[in-house]
Amino acid sequence: MLNMCAGDQSLFTSLYTSLAQQLPREPMEWRRTYGRAPKMIHLEANFVQFKEELLPKEGNKALLTFPFLHIYWTDCCDTETYKSSVKEDMMRWQNTLRSHSSADWVIIVVETNDTKKNKKTNILPRSSIVDKIRSDFCNKQNDRCVVLSDPLKDSSRSLDSWNALLLKLRTLLLMSFTKNLGRFEDDMRTLREKRTQPGWSFCEYFMVQEELAFVFEMLQQFEDALVQYDELDALFTQYVLNFGAGDTANWLGSFCAPVRNWSGLLLRRPIDMEKRDSIQRGEASLLDLRSYLFSRQCTLLIFLQRPWEVTQRALELLHNCVQELRLLEVSVIDGALDCWVFLSCLEVLHRIEGCCDQAQLAANCSHTVGLWAYATDKLKSLGELCGLVSKNGPTSEDLNRTVDLLAGLGDERPETINSLQSPYKKLKEALSSVEAFEKHYLELSHAAMEMYQAIGRLRSARLVGKSLAEFYMAKGDPERAETFLQEALKSYVSEGWSLPVTHTRRQIAECQKLLGRTEDYLQTSALLAGDGNLSTEERKHFCQEILSFAGKSENHSHKVTLSMNVFAQLTRLQFHPATASVHSGAVLQVELTLRCLMPVSVRIQQLAASIHFDIDHGGTHGRSKGTLRRTNRGTVEFKQGNSSAGPASSAAAGPTLEMDEIQDRSPSDNSLASVGVVCKNTHLVMRRRENGSPPETPNCVSPPTVAMKEGGQMLKVQDVKLEPGNNSITFTAPPGTYTLRQLCATVGEVQFVLSHIYPSVRYEVYSQEPQLTPLLAGMPQLVKFTLLTGHYTVKKGDALQLSNTETMPILPSSSCTLVGESVLSIQSSEKVTSISLPPTPPYHALEFQLEVLCLIPSGSFLEYGFCPQMSIDCPWSIYSTLLALTFYIPFKTKHSLLSSGNRKYIQVCVQNVSDMSFTLADVKLTEKQHESLELQSFNTKTNQLLCSKHSVFCLWEARWKDDLPVTTLYSVKAEIFPPAGEPHCRSGLVCGLEVSITRLIEPSDGEMAEDSKTDTDGLKTTKLMYEVADSSSNWAVCGKSSGMVVMPLKANATHKLQIEVMPLFAGHLPFPKIKVLKYLPHNAAAAIQPDPDSCVENDSLSLLDKTLDDQGDTASIRSRGSIHSVGSSDQQQRGVAMPRLEAFSQGQVFNNSHSQQVLVLPTADDHIMEVNAT
Amino acid sequence: MLPFTVYFSPDVFFPQNYPLYIRSVPSQNELKFHYTVHTSLDVVEEKVSAVGKSLADQRELYLGLLYPTEDYKVYGYVTNSKVKFVIVVDSSNTSLRDNEIRSMFRKLHNSFTDVMCNPFYNPGDPILSKAFNGIVSGMMVQTS
């Protein structure tokens, strides 16, 4: 800020340096008008000597050179001197200021020690001088006079006075500045409001507002400075837009002058005075103004450390300038703007690179990439304009144009003249030769592409790549071009953009033709020929390309194979008859509907459909056939996306689910085991679809590898003409179950192959085997015959011959009836039954019933059933049909012997395994061989219903007339006694278990011989082993749980055992089980037989093992017994001859106390109550 | 007055970027227009993912000016279900302000919602609705 100093110049000069340094040191709060936020600013001031001619005149717009504060310096301390000269000088100064209406002044009186020392009368006059000055000049404004003491001394007094002075100066300066700035802004606004008046000049106004911007910049208020430029920018833009809308301003005329210079932006100078001057003179062109404005904005933005805003604004500016020039209809020679934009882009990039490091640049390439791409674009169009993008190089006309363009660049600016890589040099070099152009263009393109890829803008990168491909094409390098085109095409196809697809594909076709890649070219041609986005002529052209190739009779080793989908689409498949399943001998036709995509009709030499024989469905009714019948009714529609990259919505939504019903029948009886629904195409539905992966559409980028499988069976049609649109082709199917696999159309040397028909279609030409349902043996049943006539017409006199078997006679008494109709005549001979059939048309069902009886073959034991064979002869087949009918036996029986004391019973269980219910009547049990038994029936009912899957039990008591084959030898009776003094057993208290084993009968001879030995007193004895076992862990046996008993072989001989047991629970407990087994000592070991009572010992209190009490498990008991009996010391000794245990056969031991219970009370003082809820 | 052309086309994309509806007036230079719209998807995706990071809910659907080119101004709008709308306006058309574009998008969105509510419309199929077409045509007439 400018200050003017008057008075003692030498005094001021001595203080100037420290003053200028110290003034900006402390910030001041700057309160602003119009509610703008206050700011802290540092005031930097410049001091000049007061001169009257320098004072601003009325209406001056300059703010930078405006003197904000006037200072009068004096060190006068002498009243005389003051009165004589200084006062007068001050008066003059004041008057001058007043005449220029400047009220911002201050008088500084400097007092030094020197002056003090020199003057003797120091006290009064000094003070009086300041007072005098105050009274003379500062009426009511005492603060306008400041005293500075000892300014050159280093004392605290001096420092204080310095600080006071500085504060005063800052305050006054700021006050003046605010006042003057406010006035300036008001003036500026007034000027702006006059803009509608004629004669208003934008350039003039520009200078005024820029003054404000400069002031703000000087105060380091870059934001405010930027606002000034942005306002100017907006104002200008509005004028241009208004011009476009028909509202012209006179001053705009100067900006409409033809563009003569297109040297680009210049961002290396803080202020481009050259351009500023031209604006001031009103001679600037639009580009000059814009360039200057932007260079200022750029400078401020970089001060503000917002380089990325520069790039963004730069791009907007360049676009905007191009638009504005168009709007103002400024005449520009071709390519001039391209030059300007190119240079400007590079200049901005250079500027940004100058103020950022590499890492920052890399991280922010999303901001710069737009400029790179724009520059690339412009360079390319310049190259095209100047004939640099061609195989032949520029023509003379092109060269002239280049010279014109270069002339408009002018000379290189001095700033960049030494730099090797300046935009100016780059452009000049690029336009100088084809090679240099290529180098620069490729460099830029690759830079732009890499940046786009780095920030994930792949589509933009591909577009740059496509533009590069066009460049390569123009240069005659189709190979490189194709790579980029394919890349781009892939993205367009996957995202379904049909127009770009068509366009790119046409370019690819051109590449492929140039490269001589016949197969690829034909494939692309086929795609293009069917592309609805192209005109009919173009489509015809591409179709003709294929046809003319096909017509060539050159010796190709193999035919060119192309994907069928691009040529024709299979839209529908229909079977006649619709069941897709006919009897062999009948004709099954397959009708295909092909939608031909070619623009003209095409003659096809051969259309073949390859078919695959299904082994697993050979001849039987598979599930697939059923599906076909039910869901499709003989017609299959094929859904397909359009061949042009149309909105492949079906692909987007994923493949449709194909559901199929399955029925699993068990192989033995053909009964239904499970039914379900399955998805046939899970591999397609469940496939993970990555984002952006190309869907399975026929417009794949590279032709899919299609191959016709050789050697398979084919359905063929020769010489078909396919018209554009739907065509129908009919095949005749051979017998068997087949799946349609592939389709192949041959046109001369070209084959179009549909590699698989999807969804798969199956048909069947079959001869059906009889289906049988199982029957029950042993009773007369009606057998229903169902005869499906197929394609055969049953004539009068046709008869079925059934061969008879011995086990299954056809009951002659029964009548053979046609279901719901008349009786059929049956002739039966010994071997053959003949049934004459009524005349029936083809594909009809004939049903009749026949009563048969299957005898259960005696002797042989059959668990389930049996299959007698039967053969049928019919007039329409020369072969006999062998039938294996299955008959099931309806019942299963089981019997068992039960005993009660001496009495014996026989129980028979009859189980019905069939699905029918029977009534059992007059149940009888008879002996087959001899009449030794007397059987008494307990079965009271004469008729008993036996339902399906249920059982009936029958019981008889058996009494023998003489010798019983089975008798009860021993009876076992157990009793439990409560402990002494207790009325009942209690849990946890030991009770006595008394077991008495009683011999019931005299021993038989065999028994005597077998395992008895004679006692000393002549009595025969035998040894028994007993065992107390408890299965449910209710009891604990204290002491021995098993032992040996020597039993006299005499009727009514009784042996009693005392065993201590302890109930573990309270309640009605079942008795522990007592088992009695035969103990067979080995003969050789008889001598060393130990005392039976001590032999098997079990001293410890043990819970009995549960496995022991299985009555039938003798082996386990035996081994257990041996372990018990074998002591550890004498194991070897006895190992040779071990005693055996043998169970009594069923009915020999009768247990009296079987399933008896005893009441056990809980322990009297049980603290724990156990509650069992089950 | 200068020849005045408005390229205006609202585009509706399925999330997979299949164009559901493309329309441009006039049809000359349609190809360049398609390329422009396709490329603009880069910026749409960039903006959507940037927005997703900072503000998950309460998202502004209007994306504003996607990027300027010399000839077009491309504006974007993304619904909550990531359906993208793009309007391309000729750069020389200065009468359209941000607010007008915004309201056009809102109108489009409403109409698009109606299309989606149609039980006979299969999501993902190209939009052939007459009502939608009418709305678009109306906006084109209004702006040109």
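A salt bridge here is a side-chain nitrogen of Lys or Arg within 4 Å of a carboxyl oxygen of Asp or Glu. In this predicted model, B:Asp71 and A:Arg326 form such a pair, with their closest N and O atoms 3.8 Å apart. That distance satisfies the rule because the cut-off is 4 Å.

The pair belongs to a wider set between the two chains: six salt bridges are counted between chain A and chain B. Another of the pairs listed is that of A:Arg457 with B:Glu46, where the closest N and O atoms are 2.8 Å apart. A:Arg457 sits in the loop between α16 and α17 of chain A, while B:Glu46 sits in helix α1 of chain B, so this salt bridge joins two chains. Over all chains, the same rule gives 43 salt bridges. Polar contacts between chain A and chain B come to twelve residue pairs, both residues being at pLDDT 80 or more.

On the side of chain A that touches chain B, the elements that each supply at least two residues are α10 (307-327), α13 (365-385), α17 (458-474), α18 (478-494), α19 (498-515) and α23 (649-653). The most comes from α10(A), with six residues. Sorted by class, this side of chain A has 15 nonpolar, ten polar and eight charged residues.

The size of an interface is often given as the accessible area lost when the parts come together. For chain A and chain B the buried area is about 2,900 Å², with 59% of it on carbon and sulfur atoms. Within chain A, the residues that lose the most area to chain B are A:Arg459, A:Trp497 and A:Leu499, which together account for 25% of what that side buries. The contact involves 33 residues from chain A and 30 residues from chain B.

Next come the open spaces. The second largest pocket holds about 1,600 Å³ of space. Its lining has 48 residues, and those closest to the centre are A:Ala373, A:Asp377, A:Tyr452, B:Tyr67 and B:Thr69. Both chains contribute elements with at least two lining residues each: α10, α13, α16 (434-454) and α17 from chain A, and α1 (30-54) and β3 (62-68) from chain B. The largest share of this lining is that of α13(A), with 13 residues. By class, the pocket lining divides into 17 nonpolar, 16 polar and 15 charged residues. Two of the chain A helices named here, α10 and α13, also appear among the elements that supply the side touching chain B.

Enclosed space remains to be described. Rolling a probe the size of a water molecule over the atoms shows where empty space is left. The structure holds eight cavities of 30 Å³ or more, and the largest cavity contains about 120 Å³ of space. Its lining is made of 13 residues, of which A:Ser263, A:Glu347, A:Arg413, A:Thr416 and A:Tyr424 are the closest to its centre. The elements that give two or more residues to this lining are α11 (336-355) and α15 (423-430) of chain A. By class, the residues lining the largest cavity are six nonpolar, three polar and four charged.

Technical notes. Residues are numbered from 1 along each chain as its sequence is written. Chains are lettered from A and ligands numbered from 1 in the order in which they are written. This is a predicted model: local features need pLDDT of at least 70, side-chain atom pairs count only at pLDDT 80 or more; totals for chains, interfaces and linings use all residues. Side-chain values use heavy atoms; hydrogens and water are left out. Contact means heavy atoms within 4.5 Å. Buried area is the accessible area (1.4 Å probe) that two parts lose on being put together, summed over both. A polar contact is a pair of N or O atoms within 3.5 Å; within protein, one must be able to donate a hydrogen and the other to accept it, and residues adjacent in sequence count only if both atoms are side-chain atoms. Helices (H or I, at least four residues) and strands (E, at least two) are DSSP runs, numbered from the N terminus. Ala, Val, Leu, Ile, Met, Phe, Trp, Tyr, Cys and Pro count as nonpolar, Asp, Glu, Lys and Arg as charged, and the others, Gly among them, as polar. On a 1 Å grid over the protein atoms alone, a cavity is a set of points where a 1.4 Å probe fits but cannot get out, and a pocket is an open set with protein on both sides within 12 Å along at least five of seven lines; lining residues have an atom within 4 Å of a point. Grid points are joined across faces, edges and corners, and a volume is the space filled by probe spheres set on the points.
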